[in-house]
Amino acid sequence: MSADETTAPIDMTRTTAPEVPIFREYVERSLAAVAREPDLAGTMLRHRFHGSARDKQVAANWLGRRLGAVPNPARLLMTGGTQNTLMILFSHLAPQGTAIATEKLTYAAIGQLATLGRISVLPVDIDEDGLREDSLEAVCKAHKVGAVYINPTGHNPTTSIMSIERRRRVADVARKYTVPIIEDDVHGHITEDAPPPLASIAPDLTWYLMSVSKCMGIGLRTAYLIAPSEDGLADLLRPIPSVSSWFVPGLSAAVITHLIESGAACEIAGQISSEIAARQDIAQQMLGHLGLMRTHRSSLHVWIDLPPPWTIEAFIQAAAGKSVTLRHPRVFATSGTDIKGHIRASLIAPSTHEGLRRGLRVIADLLAGRA
Ligand SMILES: Cc1ncc(COP(=O)(O)O)c(C=O)c1O
């Protein structure tokens, strides 16, 4: 019997990819293939920098499926994940005296990375369609904006998916004020019917980031970066040729390239999407009738509106009293943004459907005032 089937605590905080049935077989196969490669020593003993020529070509073809056209591999890097790439991009694009604009509720790492790099963050208003272009325009008029970071597809934490019309309007504002866009498309490969990325609407303005953390595995510590131009990429790289902390881990690059070339990456991403959809069905069954849940079929979590008189703290405490762990949403708020009455609940953190049902039942009972 697994822990989830007992009365063990249910963690509903983390949103890493679920383990899917074909995962072990395909990853074992790729690891074995990499172990047999003639240059195994090279993979383990030398830097792979930002990926081999083959890694980049394979990646360009794979990302081309999402972007609508195969990007020039000369604009593409493999890096050690979204977060260390963001650190480099923030300091490159937002030198002292300028700031990064972003959705007022945003990926928890953004505020922490900005603090680390002493970078100012400017909150931009959001609605059900994501970042609002009128608010971005107001921020661009009033401040020196070095770049705007946007997570338009499966926004973390609100789950919104920006419409194509809004994407075009946001890109127009960024163009008007010559503000580069940093697009975080971490959910792009696992979102059904995802609108085209900003990188395909405004490729000359957009630094496009696609991590493998959600569509393959966070343990690989790898993301792809596509720069708006070869010159822009050269400028980014010039001052930091020896900073290896953002080089791609060689073993990860070799495994990922094999997973993509063998077709396994697409199958794994497909199964991850199916598992997320199955868990979304469970969430609909258990919480949908309450009308308090914002989500979509491809989201790893749900965003819940807490009805009065619940406060966030009281709700988290009440859930903890019933062995369900939830994260305080203050981690998503840019500084100065007051976050009221919402909770993010991961549908993926419980390892089994039974565990998920148990966690959601606790949340449903609390929301309905039954507990
Ligand atoms: C919005 C967003 N971007 C990126 C990532 C992945 O970051 P990394 O590539 O550093 O694992 C996550 C994972 O939680 C995320 O929620």
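A crossing of two helices is left-handed if the near helix is turned anticlockwise from the far one by less than a right angle. Keep that in mind for a moment. What we have here is a predicted model.

Start with the two helices. Helix α1 covers residues 23-36, and helix α12 covers residues 264-287. Their axes come within 10 Å. They cross at roughly 160 degrees. Angles over 145 degrees count as roughly antiparallel, so α1 and α12 are roughly antiparallel to each other. And the handedness? α1 passes α12 in a left-handed crossing.

Which residues meet there? On α1, look for Phe 23, Tyr 26 and Ser 30. On α12, look for Ala 264, Glu 267 and Ile 268. By class, the residues of this contact are four nonpolar, one polar and one charged.

Now step back to the domains. The protein is divided into two of them. Domain 1 is made of 12-20 and 270-367. Domain 2 runs over 25-264. Between their C-alpha centres there are 26 Å.

How many residues of each domain are in contact with the other? Domain 1 brings 24 residues, and domain 2 brings 21. Stay on the domain 1 side. Two elements there give two or more residues: α12 and β12, the strand at 301-305. α12 gives the most, with three residues. So much for elements; now classes. The domain 1 side that touches domain 2 has 10 nonpolar, 11 polar and three charged residues.

One helix to take away, then: α12. It meets α1 through Ala 264, Glu 267 and Ile 268, and α12 gives the most to the side of domain 1 that touches domain 2.

Note on methods:
Residues are numbered from 1 along each chain as its sequence is written. This is a predicted model: local features need pLDDT of at least 70, side-chain atom pairs count only at pLDDT 80 or more; totals for chains, interfaces and linings use all residues. Axes are lines fitted to C-alpha atoms, for helices over the stretch in contact, and angles run from 0 to 180 degrees between N-to-C directions. Helices (H or I, at least four residues) and strands (E, at least two) are DSSP runs, numbered from the N terminus. Angles under 35 degrees count as roughly parallel, over 145 as roughly antiparallel, 65 to 115 as roughly perpendicular and the rest as oblique. Two residues are in contact if their C-beta atoms, placed from the backbone, lie within 7 Å. Ala, Val, Leu, Ile, Met, Phe, Trp, Tyr, Cys and Pro count as nonpolar, Asp, Glu, Lys and Arg as charged, and the others, Gly among them, as polar. Domain bounds come from an automatic or database domain assignment.
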